[in-house]
Amino acid sequence: AAALPLYEQLAVADRRIYGDLHTNTLTAIYNLAHAHLCMGSPRLAMPLAEECLRARRQTLGEEHEQTLRAMLQLSDVHSDLGNHGEALPLARRALEARRRTLGNDHGETQTSICRLGVIHEQMGNVALALPLLEEDLRLSRRTMGGEHPDTLMSIANVGNSYCDLGR
C-alpha cells in the first residue's frame, strides 16, 4: 500500500509537467494501474489501463511495443474482474502483433502466448488453452532452461491443463 501514494504523486506530477500524452505520463499511469492490480484493486486499475491504452494507440500506433504492453495490462484487468470475454480479444491481438513484429521466439511474444492460454483456461476452454501453454513450455525450456522459475510455472500450467482434460 505504500507504493500507491508514490505512483499517484508521480502520475499527477508528470501530467502537470509533461501533459496527458507524454511517454513519461503514460508510463506513470501504467505503473499506477499495475500497482492497483498488485494490491488487488482491479476496479481502480481499469480506468487507468483504459486511458493508457487509448493514449498509447493515439501516440504510438496499434503495434508499438508500449501499446501492446498496455493492451495486455487492460486484458489482465478484465481477467482479474472475471471479464474474460473482454480480456480474450485484447490478448489475442497482442499475441498476433507480437508474432508479426517480434517473431515467435521473443520473450514478449512468449508472455503473450502464456497469457492467452491462461485466459482460455480461465474460460474453461482447456482444449484451446493447451496448445498455447505447450508452446509456452517448449519456448521456456529452450530459452531459459528446465529449472528457470518461468519454465517451472509453464510446467505447472501444462500440468493443470492435462488434469482438467483427465490426462
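## A helical model: pocket, cores and contacts

About 370 Å³ of space lies in the largest pocket. Here a pocket is an open set of points on a 1 Å grid over the protein atoms alone, with protein on both sides within 12 Å along at least five of seven lines; grid points are joined across faces, edges and corners, and the volume is the space filled by probe spheres set on the points. This is a predicted model, in which local features need pLDDT of at least 70 and side-chain atom pairs count only at pLDDT 80 or more, while totals for chains, interfaces and linings use all residues. Residues are numbered from 1 along each chain as its sequence is written, and side-chain values use heavy atoms, with hydrogens and water left out.

**The largest pocket**

- Its lining (residues with an atom within 4 Å of a point) has 18 residues, and T111, C114, R115, V118 and N157 lie nearest the centre.
- Helices α4, α6, α7 and α8 (149-164) each give two or more residues to this lining; helices are DSSP runs of H or I with at least four residues, numbered from the N terminus.
- Which helix gives the largest share of the lining? That is α6, with 8 residues.

**Nonpolar cores**

- The largest nonpolar core (buried Ala, Val, Leu, Ile, Met, Phe, Trp, Tyr and Cys residues joined through side-chain atoms within 4.5 Å) has 34 residues, and L53, M71, L74, V77 and L116 have the most contacts inside it.
- Two or more residues of this core come from each of α1, α2, α3 (42-60), α4, α5 (84-102), α6 (107-122) and α7 (126-144).
- A second, separate core has 5 residues, including A129, L130, L133 and L137.
- Nonpolar side chains tend to be buried together in soluble globular proteins.
- Leaving out residues up to four places away in sequence, L53 touches T67, A70, M71, L74 and L90, where contact means heavy atoms within 4.5 Å.

**Helix α4**

- L68 lies in α4 and counts as buried because its relative accessibility is 0%; buried means under 20% relative accessible area, exposed over 50% and partly exposed in between, with a 1.4 Å probe and protein chains only.
- Between L68 and L53, 15 residues apart in sequence, the C-alpha to C-alpha distance is 8.3 Å.
- Beyond four places in sequence, L68 touches E62, E63, A94, A97 and R98.
- E65 is also found in α4 (residues 65-80), and its side chain makes a polar contact with that of R98 at 2.4 Å. Such a contact is a pair of N or O atoms within 3.5 Å; within protein, one must be able to donate a hydrogen and the other to accept it, and residues adjacent in sequence count only if both atoms are side-chain atoms.

**Helices α1 and α5**

- The end C-alpha atoms of α1 (residues 3-18) are 22 Å apart, which agrees with the 22 Å expected for 16 residues at 1.5 Å a residue; the expected span is 1.5 Å times one less than the number of residues.
- For the 19 residues of α5, the expected span is 27 Å and the end C-alpha atoms are 26 Å apart, which agrees.
- In α5, the buried residues are H84, A87, L88, L90, A91, A94, L95, A97 and R98, and they pack against α3, α4, α6 and α7.
- Positive phi values appear just after both helices: about 100° at G19 after α1, and about 95° at G103 after α5.

**The loop residue H22**

- H22 sits in the loop between α1 and α2 and is partly exposed, with a relative accessible area of 30%.
- A polar atom of the H22 side chain lies 2.9 Å from the backbone nitrogen of N24.

Technical notes. 1 Å grid on protein atoms, 1.4 Å probe; cavity = no way out; pocket = protein on both sides within 12 Å on 5 of 7 lines; lining within 4 Å.
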